[in-house]
Amino acid sequence: QTLDPVTESVDGAFSNERNTLGMFGAGAIEMLAREMSADLIAIRETARAAAQEQNQPVTLPLLSKGVSFGTVTLLPDGRIDPTGIEGVDWDLIVKPFHQKGAVVSLREFSNNAMNHHHGMQSTERFGAGVDPDHDGVLNELSGGDITAVTLFQAALPAPRPAQPRNAAVAKAIRSGEAVFSDLGCGRCHRAPQPCTWKFAHRGTRAASVAARLSLSSSRAPES
């Protein structure tokens, strides 16, 4: 709310909507975003090669995992016409975190959040041997600290639909899913998308981390 005393109105003139992601399943969301970014960049490079070979502009649809990001046009000299790109920055990097979808990874998120919310500065963002907040403490968070926080978040399990024992509740859930589908909500709120890549950091329990990160995401990244 921007008023004191607050009002109960949710009108944009009085309130700011903050629609951040929940952290459960965040590792799968990052992997999904990475895979989609790779798909989009590959399409761009295919268009670049075709434009140079044909000596004319080439336009290709930007489609990854059933989600359309518009089109990209490449010119014969390698320049990009980005005017057809939709829902993603012109660099074609899907950034799934932060309320405006501006942060590319859990690691970047952690570096920023530790400073912004906890007043603790990491060496990998601010440098070693410095005291940027002038509190008399140097090197408040090491690279290892950020790695630990990042892996903790990445390993949080993805949420799954409840399986109620009550038949009436189960029926209501099925009815709600049908309404959701009929209204076309799924065009934006996508069904779970499969993650096919597996990642693990050196020095960690690689098999466990990789297995958790290969979970399907229950939510597509926000643009």
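**Close-up views of a predicted model**

**Figure 1. Pairing of strands β1 and β2.** Strand β1 (residues 58-64) and strand β2 (residues 67-74) run antiparallel and are joined by six bridges. This view comes from a predicted model. One pair of residues may serve as an example: P61 has T71 in β2 as its bridge partner.

**Figure 2. Residue K65 in the hairpin of β1 and β2.** The hairpin has two residues between its strands, and K65 takes a positive phi near 55° there. K65 belongs to the loop between β1 and β2, and its positive phi occurs in a residue other than glycine. Is K65 buried or exposed, or does it fall in between? K65 counts as partly exposed because its relative accessible area is 22%, and the partly exposed class lies between the limits of 20% and 50%.

**Figure 3. Residue L92 in the loop between β3 and α2.** L92 is located after β3 (80-81) and before α2 (106-118), in the loop between them. Its phi, near 65°, is also a positive value in a residue other than glycine. The relative accessible area of L92 is 0%, so this residue is buried; the term applies to values under 20%.

**Figure 4. The protein chain as the setting of these views.** The chain contains six helices and three strands, which follow the order α-β-β-β-α-α-α-α-α from the N terminus on. Of its 223 residues, 31% count as buried. The accessible surface comes to about 13,900 Å², and carbon and sulfur atoms account for 55% of this area. Among contacts between residues at least 6 apart in sequence, 52% join residues at least 24 apart.

Methods:
Residues numbered from 1 in each chain as written. Predicted model: local features only at pLDDT ≥ 70, side-chain atom pairs only at ≥ 80, totals over all residues. Heavy atoms only, no water. Pairing = 2+ DSSP bridges. Helix = DSSP H or I, 4+ residues; strand = E, 2+ residues; numbered from the N terminus. Buried < 20%, exposed > 50% of the residue type's maximum accessible area, 1.4 Å probe, protein only. Contact = heavy atoms within 4.5 Å. Areas by Shrake-Rupley, 256 points an atom, 1.4 Å probe, with all protein chains shown as cover.
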